Amino acid sequence: MKLQPLVFACTFLIFVCSCSQRQEEARRPISHASGTFIKKSIERNKKLVANEEKIIDSIIKNDTLKEYRASNKGYWYKYETKVDEATAFPKRGDIAYFDYEIKDIENTIIYTKFETKPQVYYVDKQDMISGLRDGIKLMKKGEIVSFLFPSHMAYGYHGDDKKIGINQPIICTVTLKDIQPDPQAQN
């Protein structure tokens, strides 16, 4: 029976030795991300935006017959037909009925009003290019507005997979036909 205390002592000794508090060094990652890709991407995008703004600025300077306004979102617009009456602007939940056509910055039509079809847009509840989504809310019923959207406010680095290329700024002329409250929003 003297073997039992000896087994107990050995087990206790192994347990104490295995619990020693030695400091292990943390493993280092196999690869280090330097952030150079992101930095290069930021610089490339800054140059792209600056170049597009220069082109848009040139369009604005050459169109001396119209007054352009800069939006706080990064695009410019001019009124082709302005309504001076104190009427409502589309707001979230309204239904906006409009037509539009898209041109490139050289004023060549990409999509006609017939190709884009009359639009029924639930304001801020449907997917739409960010420039148009914001621009609609600046219009009154009956107005026609031409928007100059830099590519990041239009179809961006991807284009539309059809006629609008990558990083292509566009001119979008919108006719707001009507604004109606959403009848389902009343419930």
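Tyr-79 is buried, with a relative accessible area of 14%; buried here means under 20% relative accessible area, calculated with a 1.4 Å probe on protein chains only. The structure is a predicted model, in which local features need pLDDT of at least 70 and side-chain atom pairs count only at pLDDT 80 or more, while totals for chains, interfaces and linings use all residues. Residues are numbered from 1 along each chain as its sequence is written, and side-chain values use heavy atoms, with hydrogens and water left out.

The predictor's confidence in each residue is given by pLDDT, from 0 to 100. The chain has a mean pLDDT of 88, and 86% of its residues reach 70 or more. Confidence is lowest in helix H1 (residues 3–18), with a mean of 68, and highest in S6, at 98. Helices (H or I, at least four residues) and strands (E, at least two) are DSSP runs numbered from the N terminus.

Tyr-79 also leads to the aromatic residues. A pair of aromatic rings is described by the distance of the centres and the angle of the planes. Rings of Phe, Tyr and Trp (its six-membered ring) pair if their centres lie within 6.5 Å; planes under 30 degrees apart count as stacked, over 60 as edge-to-face and the rest as tilted. Across the whole structure, 7 aromatic pairs are found. In one of them, Tyr-77 and Tyr-79 meet edge-to-face, at 5.9 Å centre to centre and with 75° between the planes. Tyr-77 also forms a tilted pair with Phe-147, at 5.9 Å centre to centre and 40° between the planes. This second pair links distant parts of the chain, since Tyr-77 belongs to strand S2 (residues 76–81) and Phe-147 to strand S6 (residues 144–149), 70 residues apart. Tyr-77 is buried at 9% relative accessible area, and Phe-147 is buried at 0%. Tyr-75, Tyr-77, Tyr-79, Phe-147 and Phe-149 form one aromatic cluster.

Phe-147 and Phe-149 reappear in the largest nonpolar core, which has 27 residues; they are among those with the most contacts inside it, as are Phe-98, Ile-102, Leu-132 and Val-174. Such a core is a set of buried Ala, Val, Leu, Ile, Met, Phe, Trp, Tyr and Cys residues joined through side-chain atoms within 4.5 Å. Two or more residues come from each of S2, strand S3 (94–104), strand S4 (109–111), S6 and strand S7 (170–181). S7 gives the most, with 5 residues. A second, separate core of 7 residues includes Ile-56, Ile-59, Ile-60 and Leu-148.

How values were computed:
Buried means under 20% relative accessible area, exposed over 50%, partly exposed in between (1.4 Å probe, protein chains only).
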